[in-house]
Amino acid sequence: MDVVAGGEEDLLVVLSRLSVENVALIERVSLEFEPGLNVITGETGTGKTLLATALQLLLGARARAETVRAGAQRATIEGEFGLPGDLAEGILRETLGDLAEEIEPEDGIVLRRTITPDGRSRCYVCGVSVPVRALAALGGRLVSYHGQREQARLSDPSEQLAILDDFLDEGTRRAREEHAALWTEVERKRRQLEDLKGSEEARLRELDFLRYQISEIEESGYSAREVEELRREQRRLRNVAELAGSVAAAAAALSSEEGGASEALASAARELESASRHDEELSGLAGRLSGLSAELDDVLYELRSYANDLEADPARLEEVEARLEELRSLERKYGEDVPGYLEEARERLSRLENFEAETAGLEREIEEGAARLDELAGRLSEGRREAARTLSQRVQENLEGLNLGQSVFRAVLEPAEAGPSGRERVEFVVQPNPGEPELAVRSYASGGELSRIMLAIRLAQRREDPALSYVFDEVDAGIGGETATAVGRRLEELGRRCQVLTITHLPQIASVAGSHVVVSKGELDGRTVTRAVRVEGEERRREIARMLSGRVDGASLAHAARLLEEE
């Protein structure tokens, strides 16, 4: 199933299947996922993180030799992403560029990666081999992975600004795009102006040098045609004796003396001419032979004329070689395309000679661009102030639902050096408790708190992350009780908008999932293996009972049943 009803809009099942072979303790696992919230649970040490590692490798993470199961020739991870054809094609073009032309998605996108024991890997998209960076670009577009390390990006100023800009209205978005493009153009013109200005002394030196080069090339009268003609004449003058011998031999073979080709051809023509009186069919051949005989006489004439003109001329050879050396010297200095260099030098000279007019024009364009940038930056700042209020309000509401209600969240805009993204930066700050000072998220939040803040932000966003599926690893770190229940509800809420996968140890979260996978560890043929299976009904109730109390008994089973019934 690729698309199911999900509230007001269809919900995509992005990661529909994950297959893992020979990754550490995993010999072979194949899992199917559903729309909404999917959870992965299991006792500590069973290998839940191995599934997370496999998924990260599929999304382009660095491959390590120790990833491959001992004794295996390779590890293989494959993921099927169920997407409509037009959406799949658009994502491929967006992330892979020209590579996308070789890929034909049928029922979605299939990613595959193999890793050998020496740490080498190969990556495939729909069966087509691609570089790992292409796999990572595509994986990042399909899946937004949030683990303890990945959550650090929430502290990155550029990531915070991107989150804030997700709340801009359409007009401000267009202003931001125009500002970024215009900034690049104005900076290019500034560099061009600086290059033109430089130092006056350097400019004058370059003027003199260009004038000298142009004069040298023009006075030389260089032409590629002359070079070719001189080379041909040089070869003839250097080989006069050999040429004379060859021409004389050719002329002797064709001459009209007895046994020569010319005489033989003429004799054959006469014989056929005589015979044609008895058979007109031979007259055509006789005519052709007569024509060949005349052509051969012309060739013989030209050979004798060439031989008469051919003579050694050491003085002319010396003159030719001197001129060739002069022209080759120019080619060594300016490259084989001397006329092309001359044209470039003339253009550069013209710009330097018209320095004042060109710099004045650039300065005017830069000034106009800077005025437009100031206008756009002002609109962008105004839009961001409104976006910061909206973001702060929505995240605050979500924090209350995640048992962080005593904390106050704000997106604070601060002045920054002007750049392509505007003239402010954003800092996410939290006041942990009333009366305490505000602290930047990066310096305040613990791993679990950072996960909940990120979840609150994702829930607040009008549009989801560019990725289509979310993976939360250890979003429940350091929490329990009512907070765990609150986080579970919020994950379930996010699951109504997009596919969510989370690795959890909390029964309050596991009980609200639409799909539940249990990871366990056992022995097979004398070796330890990690297994992962999807559970339903009684098996699921027993897993949640284990998560509640560490053992499965009547009390824990009854508690598990109540949790499942509540959902």
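Helices (H or I, at least four residues) and strands (E, at least two) are taken here as DSSP runs, numbered from the N terminus. The structure is a predicted model, in which local features need pLDDT of at least 70 and side-chain atom pairs count only at pLDDT 80 or more, while totals for chains, interfaces and linings use all residues. Residues are numbered from 1 along each chain as its sequence is written, and side-chain values use heavy atoms, with hydrogens and water left out.

A good place to start is a loop. Ala72 sits in the loop that runs between α1 (48–58) and β6. With a relative accessibility of 15%, Ala72 counts as buried, a term that means under 20% relative accessible area, with exposed meaning over 50% and partly exposed in between (1.4 Å probe, protein chains only). Apart from its neighbours within four places in sequence, Ala72 is in contact with Asn22 and Pro117, where contact means heavy atoms within 4.5 Å. The C-alpha atoms of Ala72 and Thr530 are separated by 15 Å, although these positions lie 458 residues apart in the numbering sense of being 458 residues apart along the chain.

The strands come next. Strands of a sheet pair through backbone hydrogen bonds, either parallel or antiparallel. Two strands are said to pair if DSSP finds at least two bridges between them. Strand β3 and strand β4 (residues 26–32) do so in the antiparallel sense, over six bridges, and Leu18 has Leu31 in β4 as its bridge partner. Two residues lie between the strands in this hairpin of β3 and β4, where Ala24 takes a positive phi near 50°.

A parallel example is found at strand β10, which is joined to strand β14 (residues 469–473) by four bridges. Ser144 stands opposite Tyr470 in β14. Within β10 (residues 143–146), Val143 and Tyr145 point one way, Ser144 and His146 point the other way, and all are buried.

Another set of strands forms an open sheet of three, in the order β11-β12-β13, with antiparallel pairing. Its edge strands, each pairing on one side only, are β11 (408–419) and β13 (439–440). Two bridges hold the antiparallel pair of β12 and β13, and in that pair Val429 is matched with Ala440 of β13. Helix α13 packs on the sheet and touches β11 and β12, its direction making about 160° with that of β11. Such angles run from 0 to 180 degrees between N-to-C directions, and axes are lines fitted to C-alpha atoms, for helices over the stretch in contact.

Helix α13 (residues 355–401) also packs against helix α4 (residues 157–165), at an angle of about 90° and with the axes 9 Å apart. The two helices α4 and α13 are therefore roughly perpendicular to each other, given that angles of 65 to 115 degrees count as roughly perpendicular, under 35 as roughly parallel, over 145 as roughly antiparallel and the rest as oblique. On the α4 side the meeting residues are Leu161, Ile163, Leu164 and Asp165, and on the α13 side they are Arg384, Ala387, Ala388 and Leu391. The residues of this contact divide into six nonpolar, no polar and two charged; Ala, Val, Leu, Ile, Met, Phe, Trp, Tyr, Cys and Pro count as nonpolar, Asp, Glu, Lys and Arg as charged, and the others, Gly among them, as polar. Elsewhere in α13 lies Asn398, which is buried with a relative accessible area of 8%. Beyond its neighbours within four places in sequence, Asn398 is in contact with Ala456, Leu459, Ala460 and Arg490.

Charged pairs complete the picture. Side chains of opposite charge can pair when their charged atoms come close. A salt bridge is defined as a side-chain nitrogen of Lys or Arg within 4 Å of a carboxyl oxygen of Asp or Glu, and the count comes to 35 salt bridges. One of them joins Arg384 and Glu424, with the closest N and O atoms 2.6 Å apart. Arg384 belongs to helix α13 and Glu424 to strand β12 (residues 422–431), so this pair ties together parts 40 residues apart in sequence. Both Arg384 and Glu424 are buried.Glu80 and Arg17 form another salt bridge (2.5 Å, N to O), which links strand β6 (residues 75–81) with strand β3 (residues 15–23) across 63 residues. Glu80 is partly exposed at 28% relative accessibility, whereas Arg17 is buried at 16%.
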